[in-house]
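Visitor: I should like to take a close look at a single part of this structure. Would you please guide me through one helix and then through the contact between the chains?

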Number of protein chains: 2
Amino acid sequence: MRELQMAKLNLIGGAGVAALMAMAGPAAADEGMWTFDHFPAAKVEQAYGVKIDQAWLDRVQAASVRLTSGCSASLVSKDGLVFSNHHCVVDCAQELSSGQTDYVKQGFLAATRAEEKKCAGMQAEVLVSIADVTQRVTDAAAGKSGQDFVKARDAAIGAIEAEGCAKDPKFRCQVVTLYRGGQYKLYKYRKYADVRLVFAPEFATAFFGGDPDNFNFPRYNLDISFVRLYEDGKPVATPQHLTWQTRAPKEGEPVFVSGNPGGTDRQLTVAQLETQRDLALPISQLQRSELRGRLIRFSEEGAEQKRTATDPLFGLENSFKVFFGRQFALNDAKFMDAKRAAEAELKAKVAADPKVAADVGDPWGEIGKAQTAYGDLYVRYRMLEQTAGSLSDLYGYAREIVRGAQERAKPAGERLPEYADARLPLMAKQLLDEKPVDTPLEQLYLEFWLSKTREYLTADDPATKLLLGKESPEQLSARLVSGTKLADPTVRKALWDGGLAAVQASPDPLIQYVLKTDAAAREVRQRWDTEVSGPTDRAAQRLARARFAAYGDAVYPDATFTLRLSYGKVAGWTYRGVTVPAFTTFSGLYERATGSEPFELAPRWIAAKDKLNPNTVFDFVTTNDIIGGNSGSPVVNAKGEVLGAAFDGNIHSLGGDYGYDGSINRTVVVSTAAATEALDKVYGETALLKELTAK
Amino acid sequence: MRELQMAKLNLIGGAGVAALMAMAGPAAADEGMWTFDHFPAAKVEQAYGVKIDQAWLDRVQAASVRLTSGCSASLVSKDGLVFSNHHCVVDCAQELSSGQTDYVKQGFLAATRAEEKKCAGMQAEVLVSIADVTQRVTDAAAGKSGQDFVKARDAAIGAIEAEGCAKDPKFRCQVVTLYRGGQYKLYKYRKYADVRLVFAPEFATAFFGGDPDNFNFPRYNLDISFVRLYEDGKPVATPQHLTWQTRAPKEGEPVFVSGNPGGTDRQLTVAQLETQRDLALPISQLQRSELRGRLIRFSEEGAEQKRTATDPLFGLENSFKVFFGRQFALNDAKFMDAKRAAEAELKAKVAADPKVAADVGDPWGEIGKAQTAYGDLYVRYRMLEQTAGSLSDLYGYAREIVRGAQERAKPAGERLPEYADARLPLMAKQLLDEKPVDTPLEQLYLEFWLSKTREYLTADDPATKLLLGKESPEQLSARLVSGTKLADPTVRKALWDGGLAAVQASPDPLIQYVLKTDAAAREVRQRWDTEVSGPTDRAAQRLARARFAAYGDAVYPDATFTLRLSYGKVAGWTYRGVTVPAFTTFSGLYERATGSEPFELAPRWIAAKDKLNPNTVFDFVTTNDIIGGNSGSPVVNAKGEVLGAAFDGNIHSLGGDYGYDGSINRTVVVSTAAATEALDKVYGETALLKELTAK
């Protein structure tokens, strides 16, 4: 998942994003990631003179797709064709590749539908309905606290999800927590578990400029891809899709982004932000940075290492930049002062209304208190539970198999929430789909995790001793990775289907390792629920009520990787006297190319230079308020035509997790105009183009 | 240089070190890194009942040694034998090694004096006199500001140093800035440029427990080494040396640490600390962490890579822990509140005395203003000037050769201060001494620096374009490292001696590269002097006067890698109800060994187990106030006998850069008792033992 972006780190210490930001109070112009059942159409009409009616909303919702790779997308033909970003399918392209055929480097072009290839673990989901279940969830947890609160709430959610979709395996039901507990809604999705890759350009084309240009603008990235939804071996009929617009957007044109922003923290209290700033962000970034270094060096050890590390390194560097931006947004004293002022305002409003004050109590104080427990437990929780195994697929398989067997043996209401019945099908798909495992990388990840756990918990911690015994991280990771058979999906399936008895009897060293060591992780998770997330979530419900009382309808919920609509317009921006135009063109790409990675053109692009219209609008920026998870979101106009796919944010969006400033925050989009021209002139994809432009 | 240490990172978010700390006001019990000409002997007598008279001070000063490897040490025989830490000579052991003979892994044991081997670049220095030159330096810069202030001050310092030692090449003169500009003192040292390695144990013995145990206690490290001073090819006669004590110290015994604490920041203003916390520390740590990851992976690529990376990785991980501790000390809100309170107290005292107030003005405001420039320039200054070339020796050689030629062509008062006449001999020694260059590591460092510079300044910055041209960091670093001849000391000597004409005519690609690119670094350095260090240093002089006026003699200067004496006693500590005893023994070492790195015993120690007295005191802790640079410092008793060498600090010293808390801060020492027993029973070093214990 490409997350909201930043860059130009030399702006650190500059004016930053704080001053003008709306701070979790009522939304400012163009601000907000609105749910489809609560879109501020009147405000939009007033600002932009365009009418967004229910028919428009229904149509766009029905064509909006969520990908379980952590992205957004849109239906763009009647035959299940889906438009998204390249970086949303790069995992798939990597997993379909081998030492012989590298679809990441060369691109993937299916000449016929028969050549379209299934993406392991990927599911596409289209939202079909939203129902309010707030009362039922809050009633279930009423009067409870700590871990009891968490359990009762999660049990109610699990039951609602199970009931909601029990009758139809083609649907997925998900209870979404909005406003940090202020609302609970049941989202029902039509799901498609067979998603196939149709088209992906070369990595060098999709990600031209690489990490140095990531989160910058002007940009020159053809960050597009197409996948197709299949069911019963055939393309899915999708009469409700967006119209592919081949013309470029215009400056000032109103545009809407329909997608799934992954998460924001705009409604956190100041105490929570301080914990992020002083503890969680620094530690996660220091660890990420070391892993990045290990991975970079690994990728330089040979051609195969370079190939296999491309996608994980891209993901890691992208996250690093995202969290770098967040860290420095919070390190900005002015930004935090604005947050403090917003919090003081809300507190004053609550205090001024005795009825609200009596209902709300002191959620700030309660959340503040939970920060102490957060501080005491964070490193332990992070190392043993949150990031266990680092990025190792094998470790992840082993843990899901072990926990799955243990949890499924319990009654529904007693399980860890991710093992609730409604959540098992997707988990099983992702566990059991065939995908390649790269042994050297797996060992690198496991070794990294074990050595960092020893470092951060110390060698003398009982958990470290349990994890390592007398072995070193290097020895242990080598032994586990070379001995396990979990790379084989049939082995995983036998264990998953076999349940606890099969798991306990398994001679697999990684299964046995998780059976032996997972208790330490479960223990800290339980403490975390009891001392941190329970008290925090419980207080956050009342904080949400305080906010509703103070600002009514004018607030939108923090992002939750569920469908949202944001509005805005095509526009550049001006910062410190420098104006950045809204558009780039193909000619700029050729000017920026140096011949050296990551500013190297793919051979097809060198060859096609004279055929391409150099003035084609390539990428453009808009004022829409988005964040990571929105990658691949269709950017549509008031007619419901798709003009591009959002793939990035500009530098000033760096604090977007915590707030939005419409004067300088921008969404970065790859245009359908560029995609059309490239498919035609560079790739010769006439069948695909015909499908896109069919009337 | 091992720096003051911390660890047990799981204590993050705990009570921290803040509450009891003296905060740059008058020193608390056992606090302080005192100059030998201002030692609080009366206070020590009152606290410990021992008399430290001038004769004692003179004797200890004459036996205290500063090593240019960034360490401290002591003379322990009449024949120039010097006692220090293993980690103070590990560079030397590494440089004397090859793929065939690995003195780091196997240890270095010279059976005879003929086998003692010269350490490249190392110089030992013994302080012989201190003279006050405050008036002359402050007068020279009086009334000046910005870069003029810096230039005038540095010119005066350069002139004083040149005059002070002009007549004798066996001496080194150094003007030391104390109290951040409150005092300037001329330190005159007897210098010894031929330092030879006598004894170093195995890395596994000196650094048992490795990075996981670093900055922890209990510890089991024989972190000792011996070197010998030579002159004219013969051992130097050193009648003034410390007596080697073979008995272990006693609980509560008063002890003194005589050494060179590298630097502290206890007298920084709150604004300066905030800049460190929010900007400089996070960025330096993120970069250090990535380099660490690259180096770890590099070290796993083969036996030779492991050998060559051992020392740099050790240094990098040590620094990482040090700065991790500093970061989290500053991230502790209570700690910063205490700093704010101390600053407010000093401001109030100044305001209460109109004469002082008129003299001092508002240094806090001026320093605060300079923080804005710091923020604007930091990344640029760091990447282009401070850390240019990363750890590449070759790049360092090239820059010193180029700048040396350019600067030496100027009159003394116009040069960059490090090229002042008095400073050239040591620079030339370090530049020209023969030492091996590891090409793969060199490329790793250069590539890292170039890629981080592009990342942090962006690809579009003119400096990035100047540095990279059309090449990638990978291509450019490979080309420069493979093409340069600077690994050869005769090539370096020809260029150093040849001056600017020879340098400009050199075909060496690295010399030409620095000639082409160094202007960008010089430019930002000049801006830094003008906008950051000039205004800051100028204000700091008056801040020091404010502190003298408020607290008189009861303040000690921030550490400056010059000789200091700290006092305290042998004592464990109690934290959160857990008491840590003051001593470890050999038996604990054998209990802790797992057989896996870094808890693996060297073969000699496995073999010697039954011969060793298991109850020998191995390492111990004291209340002395030290910091990085103190490594290798003799820990002496009131009789002037050496009881051990300081080599570390405990976890609670983590904020020691910013303050001291005698209740939990501890110095970690390897005992002479352990050294004696090990030299005898493990290493059979009878000649060395005889020399140490000679009457």
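Guide: In this predicted model, the buried residues of H19(A) pack against three helices of chain A: H14 (393-408), H15 (424-432) and H20 (509-551). The residues of H19(A) that are buried are A:Arg492, A:Leu495, A:Trp496 and A:Val503. Helix H19 itself covers residues 489-505 of chain A, which makes 17 residues. A straight helix at 1.5 Å a residue would reach 24 Å, yet the end C-alpha atoms of H19 are only 18 Å apart. H19(A) also has a kink of about 130 degrees, and the centre of this kink is A:Gly499.

Let us now turn from the helix to the pair of chains. A turn of 180 degrees, with a shift of 0.0 Å along the axis, lays chain A on chain B with an RMSD of 0.0 Å. The two copies are therefore related as by a two-fold rotation axis. Both copies use the same surface, for 100% of the contact residues of chain A recur in chain B.

The contact draws 46 residues from chain A and 47 residues from chain B. On the side of chain A that touches chain B, at least two residues each are supplied by helix H8 (210-213), helix H9 (270-299), helix H13 (363-386) and helix H16 (439-457). H9(A) gives the largest share of that side, namely 14 residues. By character, the residues of the side of chain A that touches chain B comprise 17 charged, 15 nonpolar and 14 polar.

Notes: Residues are numbered from 1 along each chain as its sequence is written. Chains are lettered from A and ligands numbered from 1 in the order in which they are written. This is a predicted model: local features need pLDDT of at least 70, side-chain atom pairs count only at pLDDT 80 or more; totals for chains, interfaces and linings use all residues. Helices (H or I, at least four residues) and strands (E, at least two) are DSSP runs, numbered from the N terminus. The expected span of a helix is 1.5 Å times one less than its number of residues. The bend at a residue is the angle between axes fitted to the seven residues ending there and the seven starting there. A residue is buried if 20 or more other C-beta atoms lie within 10 Å of its own, exposed if 12 or fewer, and partly exposed in between; C-beta atoms are placed from the backbone. Two residues are in contact if their C-beta atoms, placed from the backbone, lie within 7 Å. Copies are superposed by least squares on the C-alpha atoms of residues with pLDDT of at least 70 in both. Ala, Val, Leu, Ile, Met, Phe, Trp, Tyr, Cys and Pro count as nonpolar, Asp, Glu, Lys and Arg as charged, and the others, Gly among them, as polar.
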